[in-house]
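Good morning, colleagues. I shall present one structure today, beginning with a single residue and proceeding to helices, salt bridges and aromatic rings.

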Amino acid sequence: MKYTTEIVIDLPREEVIRKLDNAENMKHWQKGLVSYKVLSGEPGLEGSKMEMHYKMGKRELVLIETILTRDFPEAFHATYDTKGVHNLQKNFFEETGENQTRWISETKFEFSGFFMKMMAFLMPGAFKKQSLQYMKDFKAFAEEGRSVQESQ
């Protein structure tokens, strides 16, 4: 499954990248994030791996992030893996004005196992909706300082 999401953030690209590139900020725009820890490599750099723990309702999810490309301010690509799911995310950041940044995210999911393949088949829109929600939550955090922790 492949899709593209995008959002315009009313801030200069350098400020968007500074906020996005700070792992401590993830808790403010990734709802459900409980904790993270670096597994290997230099944090935030190409080749590094990070374990991320999420709680979504009654479900607990552990993702392994592997950074493939860190070419700020233009691009950031990473994979996210969990049982039955491999997710490749290619993120691009374009200056669209003096104080505006367009964040374009190209997402590709690969599923293994019957259950995950059925979820993807029955609810493909849920994945895109969640991706867009993270982008909207980042925009609210970056522009207004609004944190998803306030609504948890």
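Is Glu95 buried, partly exposed or exposed? With a relative accessibility of 47%, Glu95 counts as partly exposed. The classes are buried for under 20% relative accessible area, exposed for over 50%, and partly exposed in between, computed with a 1.4 Å probe and protein chains only.

Some conventions should be stated at the outset. This is a predicted model, in which local features need pLDDT of at least 70 and side-chain atom pairs count only at pLDDT 80 or more, whereas totals for chains, interfaces and linings use all residues. Residues are numbered from 1 along each chain as its sequence is written, and side-chain values use heavy atoms, with hydrogens and water left out.

Let me turn to the salt bridges. The term denotes a side-chain nitrogen of Lys or Arg within 4 Å of a carboxyl oxygen of Asp or Glu. By this rule the count comes to 12 salt bridges. In one of them, the side chains of Glu95 and Arg13 meet, at 3.9 Å from N to O. Glu95 lies in strand β6 and Arg13 in helix α1, so this pair ties together parts that are 82 residues apart in sequence. Helices here are DSSP runs of H or I with at least four residues, strands are runs of E with at least two, and both are numbered from the N terminus. Unlike its partly exposed partner, Arg13 is buried, with a relative accessible area of 11%.

A further salt bridge joins Glu6 and Arg102, whose closest N and O atoms are 2.8 Å apart. This pair also links distant parts of the chain, with Glu6 in strand β1 and Arg102 in strand β7, 96 residues apart. Glu6 counts as partly exposed at 41% relative accessibility, and Arg102 is partly exposed at 26%. In addition, Asp10, Lys139 and Glu143 are linked in a network of salt bridges.

Within helix α1, we find a pairing of Glu15 with Lys19. Their closest N and O atoms are 3.5 Å apart in a salt bridge. Because Glu15 and Lys19 are 4 residues apart in helix α1, about one helical turn separates them. As general background, an α-helix has 3.6 residues a turn, so residues three or four places apart point the same way. Glu15 is partly exposed at 24% relative accessibility, while Lys19 counts as buried at 19%.

Which residues of helix α1 are buried? In this helix, residues 13-20, they are Arg13, Val16, Ile17, Lys19 and Leu20. They lie on the same side of α1, because they cover an arc of only 165° around the axis; the arc is that of the directions from the helix axis to the C-beta atoms. The cover over these buried residues includes β1 (2-9), α2 (26-29), β6, β7 (100-111) and α4 (124-144), where contact means heavy atoms within 4.5 Å.

The next topic is the aromatic rings. Rings of Phe, Tyr and Trp (its six-membered ring) pair if their centres lie within 6.5 Å; planes under 30 degrees apart count as stacked, over 60 as edge-to-face, and the rest as tilted. The structure holds 10 aromatic pairs. Phe72 and Phe93 form a tilted pair, 6.2 Å centre to centre with 55° between the planes. Phe72 lies in the loop between β4 (59-71) and β5 (75-82) and Phe93 in strand β6 (residues 85-97), so the pair ties together parts that are 21 residues apart in sequence. Phe93 is buried, at 2% relative accessibility. Ring pairs also link Trp29, Phe72, Phe76, Phe93, Trp103 and Phe138 into a cluster.

Phe72 deserves a second remark. The peptide bond from Phe72 to Pro73 is cis, with omega near 10°. Pro73 is found in the loop between β4 and β5. For context, most peptide bonds are trans.

I turn finally to Met52. This residue is placed in strand β3 (residues 49-56) and is buried, with a relative accessible area of 1%. Leaving aside residues up to four places away in sequence, Met52 touches several side chains and backbones, or rather residues, including Met26, Leu33, Tyr36, Leu63 and Tyr80. The C-alpha atoms of Met52 and Leu63, 11 residues apart along the chain, are separated by 5.1 Å.
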